[in-house]
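Q: Please take a close look at one part of this structure with me, and then follow what surrounds it along the chain. I am new to reading structures, so I would like each step to be explained with care.

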Amino acid sequence: MTKSATLAAACALAKPSPGACSWCGGPVPKGRRVWCRGRCSTAFWNNHWWPRSRRAAKRRDKYECVRCGQGRPIEVNHITPCLGAHGVVSCAHHLDNLETLCRPCHRVHTAAIVRKS
Ligand SMILES: [Zn+2]
Ligand SMILES: [Zn+2]
Ligand SMILES: [Zn+2]
């Protein structure tokens, strides 16, 4: 099993089944191993690898802050903190855990977390 397949097996978004696609559980055509088609591998990486998920989140939010509608400079925030897992392929980067914020809103958000802990 590859590392990504192991992660997909534990992922709440994936519907893997044995011997089939690790993302959607569909049949895997000859010549492919983990994913049945490009769309499944894209979906996986867009939800688990920070450089990809960050880009996908900005595109989803139309490059605007989801709180105040301001564009630029924008940053992508983990709603549930990823605790330094930026360099790791992880379920912390699910798109539903990401929101696009402008820099001031991001600062407010980060300050609120620091106050809580
Ligand atoms: Zn698939
Ligand atoms: Zn904002
Ligand atoms: Zn996941």
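A: At a relative accessibility of 42%, Cys-68 counts as partly exposed, because this value falls between the limit of under 20% for buried residues and that of over 50% for exposed ones. The model you are looking at is predicted. Cys-68 is one of the residues that coordinate the zinc ion (ligand 2), and its partners there are Cys-65, Cys-102 and Cys-105, each contributing its SG atom at 2.3 Å. Cys-65, by contrast, is buried, because its relative accessible area is 3%, which is under the 20% limit. Along the chain, these donors follow the spacing C-x2-C-x33-C-x2-C. The angles among the four donor atoms run from 102 to 117 degrees, and the site of this zinc ion (ligand 2) is tetrahedral.

The other zinc ion, ligand 1, can be read in the same order. Its protein donors are the SG atoms of Cys-21, Cys-24, Cys-36 and Cys-40, which lie 2.2 to 2.3 Å from the ion, and their spacing along the chain is C-x2-C-x11-C-x3-C. Here the four donor atoms make angles of 101 to 113 degrees, and the site of the zinc ion (ligand 1) is again described as tetrahedral. Two of these cysteines can be followed further: Cys-36 is buried, with a relative accessible area of 10%, and Cys-40 is buried as well, at 2%.

Cys-40 leads us into helix α2, where the buried residues are Cys-40, Ser-41, Phe-44, Asn-46, Asn-47 and His-48. The buried residues of this helix pack against α1 and also against α3, which spans 50–60. Taking α1 before α3, the axes of α1 and α2 come within 12 Å and cross at roughly 75 degrees, which makes α1 roughly perpendicular to α2. Where these two helices meet, Ser-4, Leu-7 and Ala-8 belong to α1, while Phe-44, Trp-45 and His-48 belong to α2. Turning to α3, its axis is 5 Å from that of α2, and the two helices pack at an angle of about 95 degrees, which makes α2 roughly perpendicular to α3. In this second meeting, Thr-42, Trp-45, Asn-46 and His-48 of α2 touch Trp-50, Arg-52, Ser-53 and Ala-56 of α3.

The aromatic residues of this region complete the picture. The structure holds four aromatic pairs, and one of them joins Trp-23 to Phe-44, with ring centres 6.2 Å apart and planes at 80 degrees, so this pair is edge-to-face. This pair links distant parts of the chain, since Trp-23 sits in the loop between α1 (3–10) and α2 (38–48), Phe-44 sits in α2 itself, and 21 residues separate them. Both Trp-23 and Phe-44 are buried. A further edge-to-face pair is formed by Trp-45 and Trp-49, where the distance from centre to centre is 6.4 Å and the angle between the planes is 80 degrees. Trp-45 is partly exposed, at 25% relative accessibility, and Trp-49 is partly exposed too, with a relative accessible area of 36%. Together with Trp-35, the residues Trp-23, Phe-44, Trp-45 and Trp-49 form one aromatic cluster.

Note on methods. Residues numbered from 1 in each chain as written. Chains lettered and ligands numbered in written order. Predicted model: local features only at pLDDT ≥ 70, side-chain atom pairs only at ≥ 80, totals over all residues. Heavy atoms only, no water. Donors = N, O, S within 2.8 Å, 3.2 Å for Na, K, Ca; no water. Tetrahedral: all angles 85-135°; square planar, octahedral: opposite > 155°, others 65-115°. Buried < 20%, exposed > 50% of the residue type's maximum accessible area, 1.4 Å probe, protein only. Phe/Tyr/Trp six-rings, centres within 6.5 Å; stacked < 30°, edge-to-face > 60°. Helix = DSSP H or I, 4+ residues; strand = E, 2+ residues; numbered from the N terminus. Axes fitted to C-alpha atoms, helices over the stretch in contact; angles between N-to-C directions. Parallel < 35°, antiparallel > 145°, perpendicular 65-115°, else oblique. Contact = heavy atoms within 4.5 Å.
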